Amino acid sequence: MINLEIDENSGFCFGVTTAIRKAEQLLHNDAGETLYSLGDIVHNGKECDRLRSMGLHSIDHEQFRELCDSKVLLRAHGEPPETYDIARANGIEIVDATCPVVLQLQRRIRTECETCPEAQIVIYGKPGHAEVLGLVGQTGGRAIVISGEEDLNRLDFSRHIRLFSQTTQPLAEFRKIVSHISKHIQPPATFQSYDTICRQVSNRIPRLTEFASRHDAIIFVSSSKSSNGKALGNACLSVNPRTYYVEGPEDIKPEMLFGVNSLGICGATSTPRWLMEQCREKIVDHFA
């Protein structure tokens, strides 16, 4: 009999939980009225399918531009100012579910951009990610996005640099970037860094590695679209080579469980708890 444990710290972060609850409440209270989500509400296809079955319609930015007199939910990742301008012009009612941590970061970047217009605004994050696009939008598109130390040659170290981070980036990598810029900045140019990484996300790594090290094998449940899922899954893999990535119970194979007495199930901040429980049920019903 396999000993199964679901990590109690895995699952939706606060921002995603709030956005989904807002969507569920609106779909329940305003039955019959169309509710749109600008982009997938969370980077998990199965959760998006569940909300779609309740009546939530996901649209992209091109479709958003064509909407008029509609209700649109903004997901936790946040949006650039242009999105709000379009909404006002088209009579769109915005339901803003932007994560408070992201909103605060947007305000800080916008303020820094206004108070120090000569500085290079640098954002450590994933290029093209929804949150990063919203952050770049606060600077009128002038921010420089870097994905790691390998991109630092794009900076001019003879000019002021102000460094921010996407909220879900790895803290250790951010600190390496801070150290590199600090060593290379050329006075009188100045460098200031702002640690804007969400601790609810970054604190999961030490907890998750402790969880992964306690088990013979790990089933890590996450969408392949989730950058947070990649980071947390790799954290498990770093301490447990028998870490298996699955998107749902259908991906669990018998060979994953050979010789396993203790199995941990965990996931990303975009992974719903119900999906991890489905994985446990699949194992109990078919393999345990």
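**Exercise 1. Place Ile-197 in the chain, decide whether this residue is buried or exposed, and list what Ile-197 touches.**

Solution. Start with the address: Ile-197 sits in the loop that links S9 to helix H8 (199–202). A quick reminder before going on: this is a predicted model.

Next, the burial call. The relative accessible area of Ile-197 is 5%. Buried means under 20%, so Ile-197 is buried.

Now the neighbours. Skip anything within four places in sequence, and Ile-197 is in contact with Ser-165, Gln-166, Thr-167, Gln-169, Pro-170, Leu-171, Phe-174 and Ser-202. Pick Phe-174 from that list: Ile-197 and Phe-174 are 23 residues apart in sequence, with their C-alpha atoms 8.8 Å apart in space.

**Exercise 2. Work out which backbone nitrogens the side chain of Thr-139 reaches, and where Thr-139 lies.**

Solution. Find the loop between helix H6 (130–137) and strand S7 (144–146); that's where Thr-139 is. Its relative accessibility is 6%, so Thr-139 counts as buried.

Then follow the side chain. It reaches the backbone nitrogen of Arg-142 at 3.2 Å. A polar atom of the Thr-139 side chain also lies 3.0 Å from the backbone nitrogen of Ala-143.

Last, look further along the chain. With residues up to four places away left out, Thr-139 touches Ile-109, Cys-113 and Ile-121.

**Exercise 3. Say how accessible Gly-78 is and which residues Gly-78 touches.**

Solution. Gly-78 belongs to the loop running between strand S4 (71–74) and helix H4 (81–90). Its relative accessible area is 0%, so Gly-78 is buried.

For contacts, again ignore residues up to four places away: Gly-78 touches Thr-98, Val-102, Gln-106 and Ala-130. Take Gln-106 as a worked case. Gly-78 and Gln-106 are 28 residues apart in sequence, yet 8.6 Å separates their C-alpha atoms.

**Exercise 4. Two backbone oddities: find what is unusual at Asp-69 and at the bond from Pro-187 to Pro-188.**

Solution. Set the baseline first: most residues other than glycine have a negative phi, and most peptide bonds are trans.

Check Asp-69 against that. Phi of Asp-69 is near 50 degrees, a positive value in a residue other than glycine. Asp-69 lies in the loop between helix H3 (61–66) and S4. Is Asp-69 buried or exposed? At 68% relative accessible area, Asp-69 is exposed.

Now the peptide bond. From Pro-187 to Pro-188 the bond is cis, and omega is near 10 degrees. Pro-188 is in the loop between helix H7 (171–184) and strand S9 (191–193).

**Exercise 5. Step back to the whole protein: judge how compact the fold is, and sum up its contacts and charges.**

Solution. Count the elements: the protein has 11 helices and 12 strands. Its radius of gyration is 21 Å, close to the 19 Å the globule rule gives for 288 residues, so the protein is as compact as a globular protein of that length. Along the principal axes, the C-alpha trace spans about 65 × 55 × 25 Å.

On to packing. Of the 288 residues, 52% count as buried. Take the contacts between residues at least 6 apart in sequence: 71% of them join residues at least 24 apart.

Finish at the surface and the charges. The accessible surface comes to about 13400 Å², and 50% of that belongs to carbon and sulfur atoms. There are 31 positive and 37 negative side chains, with the centres of the two sets 4 Å apart.

Conventions
Residues numbered from 1 in each chain as written. Predicted model: local features only at pLDDT ≥ 70, side-chain atom pairs only at ≥ 80, totals over all residues. Heavy atoms only, no water. Helix = DSSP H or I, 4+ residues; strand = E, 2+ residues; numbered from the N terminus. Rg over C-alpha atoms; globule rule 2.2 N^0.38 Å. Buried < 20%, exposed > 50% of the residue type's maximum accessible area, 1.4 Å probe, protein only. Contact = heavy atoms within 4.5 Å. Areas by Shrake-Rupley, 256 points an atom, 1.4 Å probe, with all protein chains shown as cover. Lys, Arg positive; Asp, Glu negative; His and termini not counted. Charge placed at Lys NZ, Arg CZ, Asp CG, Glu CD. Polar contact = N/O pair within 3.5 Å; in protein donor to acceptor, adjacent residues only side chain to side chain.
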